[in-house]
Amino acid sequence: MDAAPKRVSILGATGSIGASTAALLEAAAPGRFSVGALVAGRDAVRLAELARRLSAEFAVVADPAAYRPLKEALSGSGIEAAAGPDAVTEAAARGADWTMAAIVGAAGLGPTLAAARDGRAIALANKEVLVSAGELFLDAARASGATILPVDSEHNAIFQAMGGRSAEGVEKIVLTASGGPFRTWTREQMAAVTPEMAVKHPVWSMGAKISVDSATMFNKGLEIIEAARLFALPEEAIGVLVHPQSTVHGLVHFADGSVVAQLGSPDMRTPIAHALAWPRRMAAAVKPLDLAALGRLEFFPPDEERFPALRLARAALRAGRGAPAVLNAANEVAVSRFLDRRLPFLAIAEVVERTLEALGAPPLPDLAAVLALDSEARRVAAGFCDALAA
Ligand code: NAD
Ligand code: MG
């Protein structure tokens, strides 16, 4: 047994990844973990309930208007409450041994960077941070000595398959993709996709934004960029295979012809538990993988004609500098318009493509430049959304 519990903070505690992390903490052996800060966007009641259940020290909401309900819901608990973006960043910098970075979208940029500067272990779910500000985030982690533990299931699989070693001898890696709910649909069929259809994922249960990303395959596009950053690999060394059973999560091809893969039931508790216990292991209570019951595993090449997101993400990665940040911001704007029923499904990729054409790949020397480009890309993308409105 470790002498002291591992002190854990969760950024994005009320979301899908946050809830799975909380479930693992609740089920863990007493004394193995303690909880520092829990951070959420605006759901004060849910956050307070979670903070009480996990005996957290500190609960923070990003939305200042949610301060009063949070304070009320925590009254008598002894748990500190705070609100506002500065309080979020402060909570992220408060010195946990292990921080789950699971805020959705570029909103997680500042807090995740703050956690990286603090220099402990960062379990990284928020892929948008690596896409928009990959170099800054990795530089901050290198400077502070922080360990980055990939939580995205494919990247966690690659991390495991590499066995903790460098990319030496790695010829290529392969990320698998479920293909989403419209894997076999024609473009004509996809033209009529509604938000309800897009958020209903066939295999994974996730937040709304990443579910839409899965349906457009922008999720896999973001993951190609995420993998390039995490494993320092060029674009052409990162392959994608459509694998509807979502059982093989990632594969590493080595120079000697060996291919090492990680398998598991499609349940985010597995990669989260891997990161939480790392370098040890812990129970995650997931459904055991039964390959005989599954019978077969299928793999198909992705179709970049029906899913232009993959082509756009590869182009942005090759262009480098600010292009991935532009792609991410434009996608966030387009997805939110689509969820509000103000943009047709197929227009999401079109908005991203037009925004990339308009803004190119400007240099990104620092966080201020990232944030400025992010706002500019959102403004430009919003204009294209208006032009293509449903
Ligand atoms: P979600 O929408 O379920 O949860 C998002 C969380 O972020 C919530 O707690 C929300 O309150 C919080 N939040 C939103 N805006 C905020 C702000 N401005 N400040 C502070 N907190 C804010 O999303 P999710 O599905 O849990 O995904 C979280 C991240 O993990 C995303 O980047 C996603 O791409 C990534 N990811 C998720 C999965 C999955 O299975 N859900 C898998 C791989 C990667
Ligand atoms: Mg993934």
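Is strand S10 (residues 248-254) largely enclosed by the rest of the structure, or is it exposed, and how many of its seven residues are buried? Six of the seven are buried, so strand S10 is largely enclosed by the rest of the structure. Good morning. Please keep in mind throughout that the model before you is predicted.

Let me stay with strand S10 and its neighbours. On one side we may consider strand S8, which covers residues 170-177. Strands S8 and S10 run antiparallel and are joined by five bridges. Within this pairing, Lys172 stands opposite His253 of S10. Strand S11 also pairs with S10, again in the antiparallel sense and over five bridges. Here Val252 has Val260, in S11, as its bridge partner. S10 and S11 together form a hairpin, with four residues between the two strands. In the turn of that hairpin you will find Gly257, whose phi is positive, at about 95°.

I turn now to the metal site. Which protein residues are the donors of the magnesium ion (ligand 2)? They are Asp152, through OD, and Glu154 and Glu223, each through OE. These donors lie 2.0 to 2.1 Å from the ion. Along the sequence, the spacing of the donor residues is D-x1-E-x68-E. Asp152 and Glu223 thus connect distant parts of the chain, being 71 residues apart. Asp152 sits in the loop between strand S7 (147-150) and helix H7, whereas Glu223 belongs to helix H11. Asp152 and Glu223 are both buried.

Glu154 leads us to the salt bridges. The search of the whole structure finds 28 of them. In one of these, the side chain of Glu154 meets that of Lys220, with 2.8 Å from N to O. This pair, too, links distant parts of the chain: Glu154 lies in helix H7 (residues 153-161) and Lys220 in helix H11 (residues 218-231), 66 residues apart. Both partners are buried.

A second example is found within a single helix. Asp213 and Lys209 form a salt bridge, and their closest N and O atoms are 2.7 Å apart. Why are these two residues separated by about one helical turn? The reason is that they are four residues apart in helix H10 (residues 208-216). Asp213 has a relative accessible area of 2%, so it is buried. Lys209, at 14% relative accessibility, also counts as buried, because the cut-off for that word is under 20%.

A third example joins Glu332 and Arg378, at 3.0 Å from N to O. Glu332 is in helix H15 (residues 323-339) and Arg378 is in helix H17 (residues 367-387), so that this pair links parts of the chain 46 residues apart. With 15% relative accessibility, Glu332 counts as buried. Arg378, by contrast, has a relative accessible area of 25% and is partly exposed.

Some salt bridges share partners, and in this way Lys127, Asp152, Glu154, Lys220 and Glu223 are joined into one network. You will recognise Asp152, Glu154 and Glu223 in that list as the donors of the magnesium ion (ligand 2).

Since helix H11 has appeared several times, let us examine it. H11 has 14 residues and reaches 20 Å from its first C-alpha to its last, which is close to the 20 Å expected at 1.5 Å a residue. How many of the 14 residues of H11 are buried? The count is 13, and the helix is therefore described as mostly covered. The residue that follows H11 is Ala232, which has a positive phi near 50°.

Finally, we come to the surface. Leu263, Leu289, Leu291, Leu294, Leu297 and Phe299 form a nonpolar patch there, and together they have about 450 Å² of accessible area. Leu263 is placed in strand S11 (residues 259-263). At 36% relative accessibility, Leu263 counts as partly exposed. Ala293 lies in helix H13 (residues 291-294). Its relative accessible area is 61%, so Ala293 is exposed. Between Ala293 and His249 there are 18 Å in space, C-alpha to C-alpha, and the two are 44 residues apart in sequence.

To close, I return to the opening question: strand S10 is largely enclosed by the rest of the structure, with six of its seven residues buried. Thank you for your attention.

How values were computed
Residues are numbered from 1 along each chain as its sequence is written. Chains are lettered from A and ligands numbered from 1 in the order in which they are written. This is a predicted model: local features need pLDDT of at least 70, side-chain atom pairs count only at pLDDT 80 or more; totals for chains, interfaces and linings use all residues. Side-chain values use heavy atoms; hydrogens and water are left out. A salt bridge is a side-chain nitrogen of Lys or Arg within 4 Å of a carboxyl oxygen of Asp or Glu. Buried means under 20% relative accessible area, exposed over 50%, partly exposed in between (1.4 Å probe, protein chains only). Donors are N, O and S atoms within 2.8 Å of the metal (3.2 Å for Na, K and Ca); water is not among the atoms, so sites may look incomplete. The expected span of a helix is 1.5 Å times one less than its number of residues. Patches are made of residues with over 30% relative accessible area and no salt bridge: like charges are joined within 9 Å, nonpolar side chains (Val, Leu, Ile, Met, Phe, Trp, Tyr) within 5 Å. Accessible areas come from the Shrake-Rupley method with a 1.4 Å probe; for residues, only the protein chains shown count as cover. Two strands pair if DSSP finds at least two bridges between them.
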